[in-house]
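Colleague: Let us go through this model by question and answer, beginning with the chain as a whole.

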Amino acid sequence: LIQDNTLLTCSTNTILAGLSVTAIAEDRRAAAIYVGTYNQGVFRLENGDFTRITHLSGIPANRISSLTVDTAGSLWVGMFDHGLACLCDGNVTLLGPQEGLPADTVGSMLEDGMGWYWLGSSHGVLRVSRDELYRVVKGLASRADFNIYNRSDGLDSEYCTEGYQPAAVRDSSGRLWFGTGKGVVTVDPDRKSTRLNSSHLGI
């Protein structure tokens, strides 16, 4: 753990020893860090101690493909082959095909600052209204409407990187970057006509 540019050893709790870490997300409000693992679910680091999140014991998968804490403080958990879970106000909501999610695996999730979430998934880049998705989370709606961006929108590969974060970033100009099976794609969410641009960075 690095805190205030100092390397700290979390020696009071060794629950993560030997586990493969796939995702990390910071909850700035609570001064805590969430850690996703390859086969043991999600853990929380607070005050130097790791604890497994019992709230998420009911999710259908332990292989975590992504973690995101949004600006409202909710934790979004991408589960390999099992969609999304949202931990909001102590309650867990599962989001899959019945809730409108058109992909099995979510490898990244970004907010664009204009009321939309963008998800790098196993079936391309997805966009969904933040308000609409929260209506599902709060039980006010049964489904959310997702836009799907795939090869016809500029993707060389529809499989977005998962399991090794950060798999997507938002840069200082507001553009969104997603890693895929064939390089990097970028999208400018501020443009009226959304098209993804493939970028081959020589890596």
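Modeller: Contact here means heavy atoms within 4.5 Å. The model is a predicted one.

Colleague: Among contacts between residues at least 6 apart in sequence, what percentage join residues at least 24 apart?

Modeller: The count takes in contacts within the chain whose residues are at least 6 apart in sequence. Of these, the share that joins residues at least 24 apart is 42%.

Colleague: What percentage of the residues of the chain count as buried?

Modeller: A residue is buried when its relative accessible area is under 20%. With that cut-off applied to the 203 residues of the chain, the buried share is 47%.

Colleague: How many strands does the secondary structure of the chain hold?

Modeller: The chain has 1 helix. Besides that helix, the number of strands is 18.

Colleague: Which are the edge strands of the open sheet in the order β7-β8-β9-β10?

Modeller: This open sheet has 4 strands, and the pairing is antiparallel. An edge strand pairs on one side only, which is the case for β7 (64–69) and β10 (91–95).

Colleague: By how many degrees are neighbouring strands of this sheet turned against each other on average?

Modeller: The angle is taken between neighbouring strands, with direction ignored. On average it is 20°.

Colleague: Which residue in β9 stands opposite Gly78?

Modeller: Strand β8 (residues 75–79) and strand β9 (residues 84–88) run antiparallel and are joined by 4 bridges. Opposite Gly78, in β9, stands Leu84.

Colleague: What angle does the direction of helix α1 make with that of β10?

Modeller: Helix α1 (residues 130–137) packs on the sheet, where it touches β8, β9 and β10. Its direction and that of β10 make an angle of about 115°.

Definitions and conventions:
Residues are numbered from 1 along each chain as its sequence is written. This is a predicted model: local features need pLDDT of at least 70, side-chain atom pairs count only at pLDDT 80 or more; totals for chains, interfaces and linings use all residues. Side-chain values use heavy atoms; hydrogens and water are left out. Helices (H or I, at least four residues) and strands (E, at least two) are DSSP runs, numbered from the N terminus. Buried means under 20% relative accessible area, exposed over 50%, partly exposed in between (1.4 Å probe, protein chains only). Two strands pair if DSSP finds at least two bridges between them. Axes are lines fitted to C-alpha atoms, for helices over the stretch in contact, and angles run from 0 to 180 degrees between N-to-C directions.
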